[in-house]
Amino acid sequence: MDEKNWHCPAFFETNLLQMIYEYFCDLSFQERFSLLFDHEYLFDPSARSILHDLYGLSKLRKYDESAIHSFQTAKALSVFQPIPGWMGLIDYHMIITFLRFMKPEKAYSLFEECRKDIQNSGSHRRLLDLQLNEAQCFMKLGLREEADTIYQTMLQTYGQVDDDSVLKEIYGNYAWNQLMQRNDIFAIELAKKAIQFHATFPDIYITLAYSNYRLDRAEEALQVISTFRNQKRTDNRSKMVLLFLDVLESLLLERKKKFERKATQLLPRLQNWKDLEVDIFVYLMLIDHYANLQDWQSLCFYQAEMIKFLGY
């Protein structure tokens, strides 16, 4: 770790290992990037590929779309010294990134190659994660029945597996797909099963609250919102989920001015959170709100905005 030896491969790789450790322990590791990037071309492509993949993951945590370029660089470097499963892992990271930034058509083209490399490396647990991402890809492409088929198959295959981490992901994603198809009663049932398996993904509370709202179960929806707020989560995604739930809560409590203010403030912020996929819900709530008020000017405005959003 002597910085006088920073042109030594051992120094580079020691720092790289330290960064990997810090990343998985949720510690600060970004300060090492500048040091390693300055000297990466002195060392072998495998270590450089790992560096760029890790850099891409750090950007992905911040919802920075430039993560895609980092993963592409990592993949290009991995070609020179192929490691079993490594290229598949990079493809897997790119799939997640494309799905997060609502580019499912680009993610779809990577699944076959990614699956082959992961199978050849024997990373069977990663194949489960890949199946879940494939179902998400179908959902974002609008192929919801195909996504349902994957979830149903996974539940039949892994329903007896004593692994909450697998089942909670299946139930949580399956619930969201039902929410988007307006199968609200089934969506609530699936979301509750996900929570029984200790799911913590915040979007599950959107499923529960919004499904209850559409079923005219205001008290149940408000209870879900209260439960989520009392968890006092601090991660950025949970904060965005809570902003949406605040909008829904103000509508349910008929706090008209507060609802209008919070809804119009939330919409621009959702542009950086495309994979949250609640924009359409906010537009629909605004349209229903102004229709009930018989405010035709505002109603027409948000109908036009929703059409513009759907066209985009």
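**A walk through an all-helix count of elements**

Glutamine 294 sits in the loop that joins helix 16 to helix 17 (296–311), in a model that is predicted. Although glutamine 294 is not a glycine, its phi is positive, at about 55 degrees, and its relative accessible area of 55% places glutamine 294 among exposed residues, because the threshold for that class is over 50%.

A second residue with a positive phi is found in the loop between helix 15 (256–269) and helix 16, where glutamate 277 has its place. The phi of glutamate 277 is near 55 degrees, again in a residue other than glycine, but here the relative accessible area is 16%, so glutamate 277 counts as buried.

Helix 16 itself, which spans residues 279–293, leads to a helix pair, since its axis and that of helix 14 (residues 236–252) come within 11 Å and cross at roughly 15 degrees. Because angles under 35 degrees count as roughly parallel, helix 14 is described as roughly parallel to helix 16. The crossing in which helix 14 passes helix 16 is left-handed. On the side of helix 14 the contact is made by Phe244, Val247, Leu248 and Leu251, while helix 16 contributes Phe281, Val282, Met285 and His289. Sorted by character, the residues of this contact comprise 7 nonpolar and 1 polar, with no charged residue.

Elsewhere in the chain, threonine 97 belongs to helix 5 (residues 86–100). Its relative accessibility is 0%, which means that threonine 97 counts as buried. When neighbours within four places in sequence are left aside, the residues in contact with threonine 97 are Leu60, Ala67, Ile68 and Phe71.

These details can be set against the whole protein, whose secondary structure comes to 17 helices and 0 strands. Taken along the principal axes, the C-alpha atoms fill a box of roughly 70 × 45 × 35 Å, and buried residues account for 48% of the 312 residues. Among contacts between residues at least 6 apart in sequence, 56% join residues that are at least 24 apart.

As for the confidence of the prediction, the protein averages a pLDDT of 89, and 96% of the residues score at least 70. Confidence is lowest in helix 2 (residues 31–39), where the mean is 76, and highest in helix 12 (residues 203–214), where it reaches 97.

Definitions and conventions:
Residues are numbered from 1 along each chain as its sequence is written. This is a predicted model: local features need pLDDT of at least 70, side-chain atom pairs count only at pLDDT 80 or more; totals for chains, interfaces and linings use all residues. Side-chain values use heavy atoms; hydrogens and water are left out. Axes are lines fitted to C-alpha atoms, for helices over the stretch in contact, and angles run from 0 to 180 degrees between N-to-C directions. Helices (H or I, at least four residues) and strands (E, at least two) are DSSP runs, numbered from the N terminus. Angles under 35 degrees count as roughly parallel, over 145 as roughly antiparallel, 65 to 115 as roughly perpendicular and the rest as oblique. A crossing is left-handed if the near helix is turned anticlockwise from the far one by less than a right angle, and right-handed if clockwise. Contact means heavy atoms within 4.5 Å. Ala, Val, Leu, Ile, Met, Phe, Trp, Tyr, Cys and Pro count as nonpolar, Asp, Glu, Lys and Arg as charged, and the others, Gly among them, as polar. pLDDT is the predictor's confidence in each residue, from 0 to 100. Buried means under 20% relative accessible area, exposed over 50%, partly exposed in between (1.4 Å probe, protein chains only).
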